[in-house]
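Me: Let us go through this structure by question and answer. Keep the replies brisk.

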Amino acid sequence: AALGETLRRLGGCDPPGGLGESGDPPQGVAGPPKGAGTPPKGGWGLHWGPPAVAITTWVRPGGCGGWPGGAGGFGVTPGPPAEGVSVKMFLRGRPITMYVPSGLGPLRAELPPERLQLDWVYGYRGRDSRSNLHVLGSGELVYFIACVVVLLQLPARRQRHYLRHSDCVRCLAVHPDRLRVATGQAAGVDKDGKPLQPIVYIWDSATLQTLQQIGLGSFERGVGSLAFSTADQGAFLCVVDDSNEHMMSVWDCARGTKQAEVKSTNESVLTVEFNPRDSSSIVSSGKSHVFFWSWSGGALTKKHGIFGKYKKPKFIQCFIFDAAGALLTGDSEGNILTWTRTPGKGGKEMYQIGQQTRAHEGSVFALCRRRDGTVLSGGGKDRRVLSWSPTLELLHEVELPESFGAVRTIAEGPGEELLVGTTRNALLRGTLGSGFTPIVQGHTDEVWGLATHPNCCRFLTCGHDRQLCLWDGREHALAWSLALEDTGLCADFHPGGHVVAVGLLSGRWLVLDTGTRQLLAGGSDGNEQLSVVRFSPDGTFLAIGSHDNFIYIYSVAEGGRKFSRFGRCTGHSSFITHLDWSKDGRFIMSNSGDYEILYWDVAGGCKLLRNRFESRDREWASYTCVLGFHVFGVWPDGSDGTDINSLCRSHHERVVAVADDFCKVHLFQYPCARPKAPSHVYGGHGSHVTNVRFTHDDGHLVSLGGKDTSVFQWRVLPGDSA
């Protein structure tokens, strides 16, 4: 012990054979009994004594001693830690030593009194979904993104959310009463690898209560299309799944029982509908087909639509029934086909094309019949919305701005108002005469970068769609967006709030004025992607973490408008993942891809602080590093090191939010320094959650959904109102 103390005072760290990198005790120090086993990856150990020479004691979860048999989790001995104690955590068999701050009292593994409540969802899934925008009897718009079905009341600009789904919502249908809604989800897996089966929920849009669950265990891969019957007041629901055979089934909505089922086709099915005048007649369409189904008893029989002299299109993407009951289809050739039923041989009916109307350049993605009998069509390549008479004579047309993408779906609002969903995940509102303006906008590809404004409820996001977006959290709207030269992966606001730094996939970094959106500065250090950019608390430095294993430091002057190279932090053996500044703006704590925790004296020349023990009491202006004593309890037992993508400590330092790889957002108590600490868990995202940040006043938390392109704004409820 005396030797260890001497080494510590000389600035040494864990010596060879000590506890710095291996789990073995130094020579001459008692180790575990023979046959006790070794700590598994994802375990924890508690180390008593000075940091240079320490005795390792392994304990079971919640226990006070003993030795594990080489399997299961590990806990830390309860009670106040002694000075010089370090915690050792294992990820993929690699030991990570974290020193316990001095004077730390007992740490309780408790749930935080604060909770989260979903406040607003930014975005809409238009890039690969159809018929997913409707107007309810309440006047609310209903649509979906990720695992959330959103009900948006436009005049009040208020959202409600149906949150029962456990994986991404794929389709939506509204009951004829315009109150009940059916939504179907994709299959998935939970964090333990167990399958999450596709299911359809029928729910009340007024109360958000689930009325019926349909088909648990009956569908494969996901639910692709849904339709309520109309002629019998919505007594039945038709479902087509995403299996190879695209199984079509009809269900009793009240009882939740299957009435009929059949293999529809091996080709993709894009949409299905009941004939509004006859519930025994169903139509489905998709790749190179239109099928006319007859439902009788427990049997479904189909007849192929005959294209005859007309070119068979590659896809029939949408259809409606006109005022006279005829079927109109929109296809990938840009045509609207009118289908007629005619007698065939032996008295059997045939379905043939009676009329072909040239409508759009490129695909017809959407058809909508208005209350006055006129027909609307939406184009893909030409981005036009066309209005047709009941006999398909062109009446009016309007072209959408290119920035919003192609028309995905069209719904009729009050009066002359129309609502349009687009392929670039926007919802537009307007009329054919006055044009359209956005009411919902979102990212169109994977989202990673997130920064919250230091002084107001605004935040900035960026991602693989090369869009930099500034959001107003109070108005729940996009303030502005800007096209980037490359994929944006990280961002941070200058403490003054008027300047933002953005790190790109190419290795370049940009500094922009948030008011004028003008480029103020930029640079490139190497050609590897940037993982993190972070201003120091006083705004005098900018730290840039790169995949080339270096942290580049720039001096900042003139309020964030002038940058000059200050130095480079060299010492990590893998790419930088996270970093934080100390409250005095002199030091940095950083994590890397091989689970290192390193400390740097920036003000002293970007020096690596080799004695990590001496940084145990340093206070950090932010805490976003996923590895560190104050947050090691957020890691699940047996983790492989990729389970947590991001975390963020609140400004009042009472809670820490975590974004995991299993579509969940967690809220832990801070500090979180007990193994397997409890947390409040929140779903809604349909992909790995890539980032989380608290707003300036800790009133909200923002989370990003990665590949589901969603941005969630959560309200933080204090303990007395949770």
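Reply: A disulfide here is a pair of cysteine sulfur atoms within 2.5 Å. The model is predicted: local features need pLDDT of at least 70, side-chain atom pairs count only at pLDDT 80 or more, and totals for chains, interfaces and linings use all residues. Residues are numbered from 1 along each chain as its sequence is written, and side-chain values use heavy atoms, with hydrogens and water left out.

Me: How many disulfides does a search of the whole structure find?
Reply: A disulfide is a covalent bond between the sulfur atoms of two cysteines. The search covers the whole structure. The number found is zero.

Me: Why is the sulfur of Cys-606 not bonded to that of Cys-569?
Reply: Cys-569 holds the cysteine sulfur closest to that of Cys-606. A disulfide needs the two sulfurs within 2.5 Å. The pair is too far apart for a bond because the distance is 4.3 Å.

Me: Is Cys-606 buried or exposed?
Reply: Cys-606 sits in the loop between strand E50 (597-601) and strand E51 (607-608). Strands (E, at least two residues) and helices (H or I, at least four) are DSSP runs, numbered from the N terminus. Buried means under 20% relative accessible area, exposed over 50%, partly exposed in between (1.4 Å probe, protein chains only). Cys-606 has a relative accessible area of 7%, so the residue is buried.

Me: Which cysteine sulfur is nearest to that of Cys-490?
Reply: Cys-490 is buried, with a relative accessible area of 5%. Cys-490 takes part in no disulfide. At 6.8 Å, the nearest cysteine sulfur belongs to Cys-462.

Me: Which residue shares a side-chain polar contact with Ser-615?
Reply: Ser-615 lies in the loop between E51 and strand E52 (644-649). Ser-615 is buried, at 2% relative accessible area. A polar contact is a pair of N or O atoms within 3.5 Å; within protein, one must be able to donate a hydrogen and the other to accept it, and residues adjacent in sequence count only if both atoms are side-chain atoms. At 2.8 Å, the partner side chain is that of Arg-618.

Me: Which backbone oxygen does the side chain of Arg-92 reach?
Reply: Arg-92 is in the loop between strand E3 (86-91) and strand E4 (94-99). Its phi is positive, near 55 degrees. Arg-92 and Gly-638 are 546 residues apart in sequence, yet their C-alpha atoms are 8.5 Å apart. The side chain of Arg-92 reaches, at 2.7 Å, the backbone oxygen of Asp-640.

Me: Which residues touch the most other members of the largest nonpolar core?
Reply: A nonpolar core is a set of buried Ala, Val, Leu, Ile, Met, Phe, Trp, Tyr and Cys residues joined through side-chain atoms within 4.5 Å. The largest has 43 residues, and the three that touch the most other members are Leu-141, Tyr-143 and Leu-701.

Me: Which strand gives this core its largest share?
Reply: The largest share is five residues. They come from residues 115-122, strand E5.

Me: Where is the cis peptide bond that leads to Pro-671?
Reply: Pro-671 is in the loop between strand E54 (665-669) and strand E55 (680-682). Omega is near -5 degrees for the bond that runs to Pro-671 from Tyr-670.

Me: How many helices and strands does the protein chain have?
Reply: The chain has 722 residues, of which 58% count as buried. Its secondary structure comes to one helix and 58 strands.
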